[in-house]
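Please open the structure in a viewer and set the display to a cartoon representation. The tour below proceeds by selection, with a short account of what is found at each stop.

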Amino acid sequence: MAHDHDHTHAPSSSHQHTHTDHDWAEMAPLLESQAELFTPLYEKALAWLAKEVTEPGLIVDAGSGPGVLSCLFAETFPGARIVAVDGSQPLLDRARARADREGSADRFGTLLGELPDVLQELDYPADLLWASRSIHHLGDQRAALTAFAERLAPGGTLAVLEGGLPPRYLPRDIGFGRPGLQARIDVLEEERFARMRAELPGSVAETEDWPALLTAAGLKHTRTRSFLLDLPAPATDRVRDYVVATLSRIRDLVADGLDDTDRATLDRLLDPDDPASVHRRRDVFLLAAHTVHTAVRPV
């Protein structure tokens, strides 16, 4: 699950949408809440970027979802104009409403369309182009990175959030079932991710060496940094909601790959009436790491 490739799990939206706008409108509050939960991690990442990028004039959030990160960029870079890009109008509406509430609407814009082609509609090249778990939803990742790089101003930075470590939210041994449930789920999630990648239009198998891919796109001065979210037990209600949503998604999408014992364990963890469920147990936590790769377009 290091990929965080599903909208209902990832803090940022992804982009080759296969559902209707109505679906995203219904999911928007959940996406927004989960993104807010990861804000401490993103604040660390943006603080690092602020040291790497000097006074950007235009920041593009390519795959903005409901705009939580877009508005964090507006806060971190008060002199910059922000453009949130996504394939869902309801999510962009949510992003604009957040910018209104936070006082950055006068320098906040949105752009509706599918990546990477929609970036051609930008009025100006970007000084900082941020892509959080959007590249892996595009069949030809190498070509996509090249297209992203072409929309940078000379000296502009492309920042790609991909990879990290699978999140953890329960002990290895939870007191029932077989220990190591999350590790077995990780295997199924990786297999599902591989199938998703293989089924994308124009899918090209690619070694996920992001610095090498950024260099192949014509960019220079690659940097990589990982950022930690550490929310220890006992969990807040928001952490519990996140874990419930994550386990529910897993139960829906990959439970057929688990044996009867693991499925029964999942069912107990999701049963609000069970004292051992994630709704009640005191050992629920959230530990996650996300990795950001940056590179610069030559002047």
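Which residue of β2 does Ala-62 stand opposite? Select Ala-62 and look across to β2: the residue opposite is Val-85. The model under inspection is a predicted one.

**The strand β1 and its neighbours**

Extend the selection to residues 58-62, which form strand β1. Five of its five residues are buried. Colour the two faces separately: Leu-58, Val-60 and Ala-62 point to one side, Ile-59 and Asp-61 point to the other, and both faces are covered.

Next, add residues 81-86, strand β2, which runs parallel to β1 and is joined to it by five bridges. Between these strands the chain passes through helix α3, residues 68-76, in a right-handed β-α-β crossover.

Then select residues 126-132, strand β4, which pairs with β1 in the parallel sense over three bridges. Here Val-60 stands opposite Leu-129 of β4.

**The whole sheet**

Display every strand of the sheet. It is open, has seven strands with mixed pairing, and follows the order β3-β2-β1-β4-β5-β7-β6. Select 108-112 (β3) and 220-231 (β6): these strands stand at the edges with a single partner strand each, so one side of each has no neighbour in the sheet. From one strand to the next, the twist averages 20°.

At the β3 edge, β2 and β3 are paired in the parallel sense over five bridges. Return to Val-85: its bridge partner in β3 is Leu-111.

On the other side of β1, follow β4 to β5; these two run parallel and are joined by six bridges. Leu-128 has Thr-157 of β5 as its bridge partner. Now show residues 141-150, helix α5, which lies across β1, β4 and β5 (152-168) and runs at about 140° to β5. Together, β4, α5 and β5 form a right-handed β-α-β unit.

Continue to residues 286-296, strand β7, which runs antiparallel to β5 and is connected to it by eight bridges. Leu-161 and Val-292 of β7 stand opposite each other.

**Helices α6 and α8**

Select residues 237-253, helix α8. Its 17 residues should span 24 Å at 1.5 Å a residue, and the end C-alpha atoms are 24 Å apart, so the two values agree. Buried residues of α8 include Val-239, Tyr-242, Leu-247 and Ile-250.

Add residues 181-199, helix α6. The axes of α6 and α8 are 11 Å apart, and the helices pack at an angle of about 65°. Their crossing is left-handed. Show side chains at the contact: Ile-185, Glu-189 and Arg-192 of α6 meet Arg-249, Ile-250 and Leu-253 of α8.

**Backbone details**

Which peptide bonds should be inspected for a cis geometry? One joins Leu-115 and Pro-116, with omega about 0°; Pro-116 is located in the loop between β3 and β4. Another joins Ala-233 and Pro-234, also with omega about 0°, and Pro-234 belongs to the loop between β6 and α8.

Finally, select Arg-133 and His-221. Arg-133, in the loop between β4 and α5, has a positive phi of about 55° although it is not a glycine. His-221, in strand β6, likewise has a positive phi of about 55° without being a glycine. Are these residues buried or exposed? Arg-133 has 2% relative accessibility and therefore counts as buried, the limit being under 20%. His-221 has 64% and therefore counts as exposed, the limit being over 50%.

How values were computed
Residues numbered from 1 in each chain as written. Predicted model: local features only at pLDDT ≥ 70, side-chain atom pairs only at ≥ 80, totals over all residues. Heavy atoms only, no water. Buried < 20%, exposed > 50% of the residue type's maximum accessible area, 1.4 Å probe, protein only. Helix = DSSP H or I, 4+ residues; strand = E, 2+ residues; numbered from the N terminus. Pairing = 2+ DSSP bridges. Right-handed = clockwise from strand over helix to strand, strands pointing away. Expected span 1.5 Å × (residues − 1). Axes fitted to C-alpha atoms, helices over the stretch in contact; angles between N-to-C directions. Left-handed = near helix turned anticlockwise from the far one by under 90°. Contact = heavy atoms within 4.5 Å.
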